[in-house]
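Let's take a walk through one protein model together. Have a look at the picture first, then read on.

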Amino acid sequence: MRQALGAIPLLMSGTVVACWIAAVVLVGALWSTRTRLLALPPQLLLATVAVVAAVLCWWLVDHVWIPVADGVGVFTWTWVGVIVLVTLQVFVGPWRGRGWLGLVAGLVAILVMVLVATAAVNAHFRTYPTVADALGWNIDAVPLSAVDLGPVSAPTVVDGPLDQGWRAPAGMAERGTVVTAAIPATGRASTDAGGPAFTPREAYIYLPPAYFTEHRPLLPVLVLLAGVPGQPRDWLTGGQLRATMDQFAAAHDGLAPVVIVPDPIGSTLANPLCSDTSHGDVATYLQRDVPDWITTTLQVDPDHQHWAIGGISNGGTCTMQVVTRAPEVYPSFLDLSGEPHPTLGPAARTLARGFDGDPQLQAANDPFTLMERRSYPQVAGIVSVGRNDAVYRASQHEVYRRARAAGMQVQMREYDGGHAWTLWAGALRDQLPWLSERLGLTAAS
């Protein structure tokens, strides 16, 4: 089943157009068999209600609730309106003589419309390449307890880039292993009342083939963060992390970074702004708890000069927050389409809800402010964005300029595409050679 679903592509050229055609055909079929039997005023009322419902959802979600700082987007709400219209056509249209068969047909029509809308939104945001990816069936992750991660007694130590002194032993696995693990947060919420503790979801860890050898090399560490809305497994599905790392390892005798994808938000739509606030100690989690867990659980390079952090969108913002707060922990970074500041939408809302109304707390967690206050000559990284990313392109160039002004060794890279996982997956593949040199994994080319 997984293999069959993995063969069903979701991001083909013309997918969105095909979805719109399917929607028009379905709405037309329902009008022909049901809605046209109504008088003209009720027909117009159905269309009006669908539009009002979509606009109301847009206002309530993007302007009142604001789970996503920059909004869900008009494209998505348009499809919500289409789903509402189909639902109204099914349940308001004349039912005489149709009975249960008509009801079942109507429910199937609604289900088909939901699937079509989901496929269109997925294609618009370029997220899941196949149906199996969308269902999370291509991850092949196993629990940490199912894998022997015990330290080897004689790891390979190389003076210089690892690839200069490491050779793959006979019988080494061809692919890496992905494991899931709970990385607990030990920080206490920083409010007098105690506040809620931060409770992260399970993390995903990629261990390259070389890690499972008798004389494993001490590999560098890459911590990756997903965005909002999102979850750690997004890097394995839309981000195609395993395929990217396996491909890199295959070209380098099984060598690749050990990649940890922790959870910096706690739930799909949460946004604790990557900071220690009344919402939980997320900064402490990423800067202390996750590194402590890595060094006590995995046998990796203990030198933090060979550690990096990266993230997409909100995770890119968090990346810059962590780097500017704790450059000694992660002196290398990949900021992929991040926001310039931690945000919950309007500035007043961000300050009040995100930073407990404390401007000093906000400033202490804002990358631009921190880059104005100190220099970072020990930090290097890549700031990247899609050429068609109308929301983040200009701000990413501003991040690049400010990082350079703060003394960071930073590159700016642009890619074809917008704010989408297909772009970020490709960006990681493109940036991995630079990162591997920076982390001491490969020699300079």
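The protein chain has a mean pLDDT of 92, and 95% of its residues reach 70 or more; pLDDT is the predictor's confidence in each residue, from 0 to 100. As you may have guessed, this is a predicted model, where local features need pLDDT of at least 70, side-chain atom pairs count only at pLDDT 80 or more, and totals for chains, interfaces and linings use all residues. Residues are numbered from 1 along each chain as its sequence is written, and side-chain values use heavy atoms, leaving out hydrogens and water.

Now zoom in on strand 4, residues 221-225 (strands are DSSP E runs of at least two residues, helices H or I runs of at least four, numbered from the N terminus). Five of its five residues are buried, so strand 4 is largely enclosed by the rest of the structure. Buried means under 20% relative accessible area, with a 1.4 Å probe and protein chains only. Val221, Val223 and Leu225 point one way, while Leu222 and Leu224 point the other. That fits a general pattern: in a regular strand the side chains alternate between the two faces of the sheet.

Who are the neighbours of strand 4? Two strands pair if DSSP finds at least two bridges between them, and here are the partners:

| Partner of strand 4 | Bridges | Direction |
|---|---|---|
| Strand 5 (residues 258-261) | Three bridges | Parallel |
| Strand 8 (residues 307-312) | Five bridges | Parallel |

On the strand 5 side, Val223 has Ile260 as its bridge partner. Over in strand 8, Gly311 stands opposite Leu225.

Notes: Buried < 20%, exposed > 50% of the residue type's maximum accessible area, 1.4 Å probe, protein only.
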